[in-house]
Amino acid sequence: MTENIDDFGFEAPCAPALYAEGEAKSYLDFEPKDVTRLENIVGALRTVNDPEIPVNIYDLGLVYRIDLKADGVVEIDMTLTAPGCPVAGTLTGWVQQAVSALEGVSDVKMNLVFDPPWDKSRMSEEVQLELGLL
């Protein structure tokens, strides 16, 4: 289930599915502490830029899922702009490092996925304007 959570300051048009304890939830169903954790995680994701496109991975739409666990484990499904991206291993490491630095995060598990394939429609409108695509 993919949630569009623009009302809460998340700009990506295809915001990732949000999970807690392995179950899909609406953003409104999270406890306040989980909302704060989600906002902090998204903030950390926005500090990681795709090296080929000078835009953060969240607003590029590369993050497909964020799964929060009660034990502080964060599981992230993300993709790349192209399957043959030369920085695939490095980029996921940057994401893991950025999210691991957050208080309350005990571990970050990264899943690199290619389904559905990424395309420019996953970018936020702001990024599409910035890159001259709109």
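**Arg65, Trp94 and the nonpolar core**

Modeller: In this predicted model, the side chains of Arg65 and Asp77 form a polar contact at 2.8 Å.

Biologist: With which other side chain does the side chain of Arg65 make a polar contact, at 3.0 Å?

Modeller: Arg65 lies in strand 3. Besides the contact with Asp77, its side chain has a polar contact of 3.0 Å, and the partner is the side chain of Asp67.

Biologist: Is Arg65 buried or exposed?

Modeller: The relative accessible area of Arg65 is 13%. Buried means under 20%. Arg65 therefore counts as buried.

Biologist: Which class of accessibility does Trp94 fall into?

Modeller: Trp94 sits in helix 3. Its relative accessibility is 36%. Values between 20% and 50% fall between buried and exposed, so Trp94 is partly exposed.

Biologist: What separates the C-alpha atoms of Trp94 and Asn49?

Modeller: Trp94 touches Asn49, along with Val48 and Pro51, leaving aside residues up to four places away in sequence. Trp94 and Asn49 are 45 residues apart along the chain, and the separation of their C-alpha atoms is 9.1 Å.

Biologist: How many residues does the largest nonpolar core have?

Modeller: Leu45, Ile57, Ile66, Val74, Ile76 and Val99 have the most contacts inside this core. Helix 1 (32-45), helix 2 (57-60), strand 3 (63-68), strand 4 (73-78) and helix 3 (88-100) each supply at least two of its residues. The number of residues in the core is 31.

Biologist: Which residues of helix 3 (88-100) does Leu45 touch?

Modeller: Leu45 touches Asn56, Ile57, Tyr58, Val63, Ile66 and Ile76, among others, not counting residues up to four places away in sequence. Helix 3 spans 88-100, and the residues there that Leu45 touches are Val95 and Val99.

Definitions and conventions:
Residues are numbered from 1 along each chain as its sequence is written. This is a predicted model: local features need pLDDT of at least 70, side-chain atom pairs count only at pLDDT 80 or more; totals for chains, interfaces and linings use all residues. Side-chain values use heavy atoms; hydrogens and water are left out. A nonpolar core is a set of buried Ala, Val, Leu, Ile, Met, Phe, Trp, Tyr and Cys residues joined through side-chain atoms within 4.5 Å. Buried means under 20% relative accessible area, exposed over 50%, partly exposed in between (1.4 Å probe, protein chains only). Helices (H or I, at least four residues) and strands (E, at least two) are DSSP runs, numbered from the N terminus. Contact means heavy atoms within 4.5 Å. A polar contact is a pair of N or O atoms within 3.5 Å; within protein, one must be able to donate a hydrogen and the other to accept it, and residues adjacent in sequence count only if both atoms are side-chain atoms.
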